[in-house]
Amino acid sequence: MTAVDDKNSGSTFRSLKYRNFRLFFIGQGISQVGNWLTLVAQALLAYKLGKSGFAVGVLAACQFLPVLLLGAYGGVVSDRTDRRKLEMVVQTVAMFQSVALAIVAATSAHLVWLDLTAVVGGVTMAFDNPARRTLFVELVDPEDVNNAVGLNSSLMTSSRIIGPAIASILIATIGYAGCFTFDAVSYFAVLIALSMMRPSEINSTPIVEKARGQIKEGWDYVRRTPELWISLLMMALVGTLAFNFQVVLPVFVERTFGDKAVLYAVLFAVMSVGSLVGALVAARRVAVDVRDVAIASLWFGGAMLVLAVAPTLVSAFPLSLGVGFTSITFLTASTAIVQIRAEPAMRGRVLALQAIVFLGTTPIGGPIVGVLCDAFGARTGLVVGGVSALLAGVYGVVRARSMTAHPAMA
């Protein structure tokens, strides 16, 4: 049986044979460590200043509301633009946003300024997400796209392990401003990598000419493509209520178990170890379908419910490995199906829509989960997330069966 015939076969690191992808992998690997370090430091600083899960939820809303508002336009810009050049501009703006965060932390350290600076980061995310995710697909041949998605996920999850660990050290030694300064410096790695890429070796999709109605065109395309539509609906539910770890975990550690909030960084890092293993396993797949996404969602929901009943913080650490593993399995499957099944001319807009339903729903789900954690405890936030993932998984399984039984009606 060939690698194409078996969706679970293939070399785990085969995409690294491409020079441009290696540069992307190295540059993003360094920069993403800084990004995750900053996300952890922002959440902890917001909790320190606001002393509530709601304050962390508002911060999350400020970080991701721009994705909800501007994400679709970001996808259009990605389809209309040279993705490598766009990324260089966006990453430069993001670097200066981290500098601003360092200044805020070193001077006023007020929630309002922290939230306003987070909004700037959200704007850059709205344009970065579709451009970056479209670009790395263009750095490999079509048969290696799913592998590139898996390796990119492993890179992100490795950063989630290293970043929080560094954050806990820096917060305890030189403070929050040092964390944000580290992030600002890390952007030089990705900017250098982008500048060193060989444009002639990039499988660039044709630049879409500027025209009216391109956002609606992308939406209509997703709506009439069952695999994309079903996957995005599942992602909308899971993204709104389950992927709120930056809101739930600080409260879970401090209020449920009475430990210092800085241990949130440690628990987050442990969860990310599970994510890394899941990403490396997913990288071996060469195909994915709706049923794979649905099954992953079911496992993710079950893992969150198990973590919700952890009796002690010590028991929560191994259980968080399962949450990390299953969460990245779901995320990788839902991303890969978009990367592979979307037409090249629509890829930026489709990826932007996925970012909207994943990241852009956080402004809705973050404050809701924060309020629930304040009122009923952090375990409630985990239960709500787990149930939402289970419901999404059941929906996906039913629709996948319908597609198989009645292809024309799916």
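Mentor: Helices here are DSSP runs of H or I with at least four residues, numbered from the N terminus. Keep in mind that this is a predicted model. With that in hand, Gln32 can be placed in helix 1.

Trainee: Thanks! Why is Gln32 called buried?

Mentor: Its relative accessible area is 7%. Buried means under 20%, so Gln32 qualifies.

Trainee: Which residues does Gln32 touch, leaving out those up to four places away in sequence?

Mentor: Leu155, Met156 and Ser159. Contact means heavy atoms within 4.5 Å.

Trainee: And Ile368, what makes it partly exposed?

Mentor: Good one to compare with the cut-offs. Partly exposed is the range between buried, under 20%, and exposed, over 50%. Ile368 has a relative accessible area of 41%, so the label is partly exposed. This residue lies in helix 14.

Trainee: What makes Ile368 eligible for a nonpolar surface patch?

Mentor: Patch residues need over 30% relative accessible area, and Ile368 has 41%. Ile368 belongs to a patch of about 590 Å², together with Leu65, Leu68, Leu69, Leu70, Val119, Val123 and Ile364. Helix 2 (53-80), helix 4 (111-137) and helix 14 (362-376) each give two or more residues to that patch. Helix 2 has the largest share, 4 residues.

Trainee: Now the interior: how many residues are in the largest nonpolar core?

Mentor: That core has 112 residues, and Phe21, Phe245 and Phe300 have the most contacts inside it. Helix 1 (residues 19-50) gives the most to this core, with 12 residues. A second, separate core has 8 residues, including Val77, Leu86, Ala126 and Phe127.

Definitions and conventions: Residues numbered from 1 in each chain as written. Predicted model: local features only at pLDDT ≥ 70, side-chain atom pairs only at ≥ 80, totals over all residues. Heavy atoms only, no water. Patch = residues over 30% accessible without salt bridge, like charges linked within 9 Å, V, L, I, M, F, W, Y side chains within 5 Å. Areas by Shrake-Rupley, 256 points an atom, 1.4 Å probe, with all protein chains shown as cover. Salt bridge = Lys/Arg side-chain N within 4 Å of Asp/Glu carboxyl O. Buried < 20%, exposed > 50% of the residue type's maximum accessible area, 1.4 Å probe, protein only. Core = buried A, V, L, I, M, F, W, Y, C linked by side-chain atoms within 4.5 Å.
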